[in-house]
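Subject: Structure for your review

Dear colleague,

Please find the structure below, handed over for your own work. My findings follow it.

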Amino acid sequence: MNVRVSGRPKAEAVSETEFLQARKGEARRFAPVETWFAVKAAPGAQRCPSMREGHDRKGESIIERNLRNEGLEAFMPSYRIEVRHHRQGHWIERRFPTFVGYVFVNIGPDDFRKVEEVNGVSKILRFTKSFEQRPMPYAFPQETIDRLRYIEWEQEQNFLLARARRLREEELDREQPGRRRKSSTRRIRRAEFTELPGGLASNLQSSSSRIFITETTKKLGNLGGGVE
């Protein structure tokens, strides 16, 4: 799967392999080996502040901030959308979690108790292989995290491209008052025939990404005992 990097006039397609190679070794300052577990987030802990257009910050969630303050690395896959303020008319950026209710944490076995004591964390997701076994925290394969990192990057490029198109349309509206825009129902159709939320579905260009997110969502739901 290839995507194009926005912000350059003749951007070349970036393959997933090239993307992962460029990001190889990230987060190693936190631990010698990345070992990712999923935690169930408390209600409201994934809420991110809305940002007015032009603010150069990501909008960290409550649970991400609390984990970071404890020296723990969190990864909350997310996507951004733009909405227009209903009264003032300016554009607002909003960040939403890709997996509602779940966040990944890069930790070792000695940090399980520390993580579950963080405000905003309900529990670490566990599993059993047999009825007699004590539930053990489920470590996600590194390939899963790498794939989610790429998908989040892909979503960000699509968001930036859509914003650039919107800004250009507004510029043309000012230059050519009264011009007619071409209507598009692509976003509506994509959101209608998927289990994913509309904002997330519209940012995922490839069917393989949508399938991967759907499968990971089901995995998290099974480990977490279903959606609460």
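A residue is called buried here when its relative accessible area is under 20%. Asn 106, with a relative accessible area of 5%, is therefore buried. Please note that the model is a predicted one. I begin with the chain as a whole and then return to Asn 106 and its surroundings.

**The chain overall**

The chain contains seven helices and 12 strands. It has 228 residues, of which 43% count as buried. If one takes the contacts between residues at least 6 apart in sequence, 64% of them join residues at least 24 apart. The exposed area of the chain is about 14,100 Å², and carbon and sulfur atoms supply 49% of that area.

**Asn 106 and strand β8**

Asn 106 belongs to strand β8, which covers residues 102-106. What does the side chain of Asn 106 reach? One partner is the backbone nitrogen of Thr 35, at 2.9 Å. The side chain of Asn 106 also makes a polar contact of 2.9 Å with the side chain of Glu 73. Glu 34 lies 72 residues away from Asn 106 in sequence, yet their C-alpha atoms are 6.0 Å apart in space.

The strand itself is mostly covered, as five of its five residues are buried. This holds for both faces of β8: Tyr 102, Phe 104 and Asn 106 are buried on one side, and Val 103 and Val 105 are buried on the other.

Which strands pair with β8? Strand β3 (residues 36-41) does so in the antiparallel sense, over five bridges. Within that pairing, Trp 36 has Asn 106 as its bridge partner. Strand β5 (residues 73-75) also pairs with β8 in the antiparallel sense, over three bridges. Ala 74 is found opposite Val 105 of β8.

**Aromatic residues**

The count of aromatic pairs comes to nine. In one of them, Phe 127 and Tyr 138 have ring centres 5.4 Å apart and planes at 90°, so the pair is edge-to-face. Phe 127 is in strand β10 (residues 126-127), while Tyr 138 is in the loop between β11 (136-137) and β12 (139-140), so this pair ties together parts that are 11 residues apart in sequence.

Are these two residues buried or partly exposed? Phe 127 has a relative accessibility of 29% and so counts as partly exposed. Tyr 138, at 18%, counts as buried. Tyr 138 also pairs with Phe 140: the ring centres are 4.9 Å apart and the planes stand at 85°, so that pair is edge-to-face as well. Phe 140 is buried, as is Tyr 138.

One aromatic cluster is formed by Trp 36, Phe 75, Phe 99, Phe 104, Phe 127, Tyr 138 and Phe 140. Of these, Trp 36 has already appeared as the bridge partner of Asn 106, and Phe 104 as a buried residue of β8.

**Helix α7**

Helix α7 has 17 residues (residues 207-223), so at 1.5 Å a residue it should span 24 Å; its end C-alpha atoms are 24 Å apart, in agreement with that value. Its buried residues are Ser 209, Phe 212, Ile 213, Thr 214, Thr 216, Leu 220, Gly 221 and Leu 223. After α7 comes Gly 225, which has a positive phi, near 80°.

Yours sincerely

Definitions and conventions
Residues are numbered from 1 along each chain as its sequence is written. This is a predicted model: local features need pLDDT of at least 70, side-chain atom pairs count only at pLDDT 80 or more; totals for chains, interfaces and linings use all residues. Side-chain values use heavy atoms; hydrogens and water are left out. Helices (H or I, at least four residues) and strands (E, at least two) are DSSP runs, numbered from the N terminus. Buried means under 20% relative accessible area, exposed over 50%, partly exposed in between (1.4 Å probe, protein chains only). Contact means heavy atoms within 4.5 Å. Accessible areas come from the Shrake-Rupley method with a 1.4 Å probe; for residues, only the protein chains shown count as cover. A polar contact is a pair of N or O atoms within 3.5 Å; within protein, one must be able to donate a hydrogen and the other to accept it, and residues adjacent in sequence count only if both atoms are side-chain atoms. Two strands pair if DSSP finds at least two bridges between them. The expected span of a helix is 1.5 Å times one less than its number of residues. Rings of Phe, Tyr and Trp (its six-membered ring) pair if their centres lie within 6.5 Å; planes under 30 degrees apart count as stacked, over 60 as edge-to-face and the rest as tilted.
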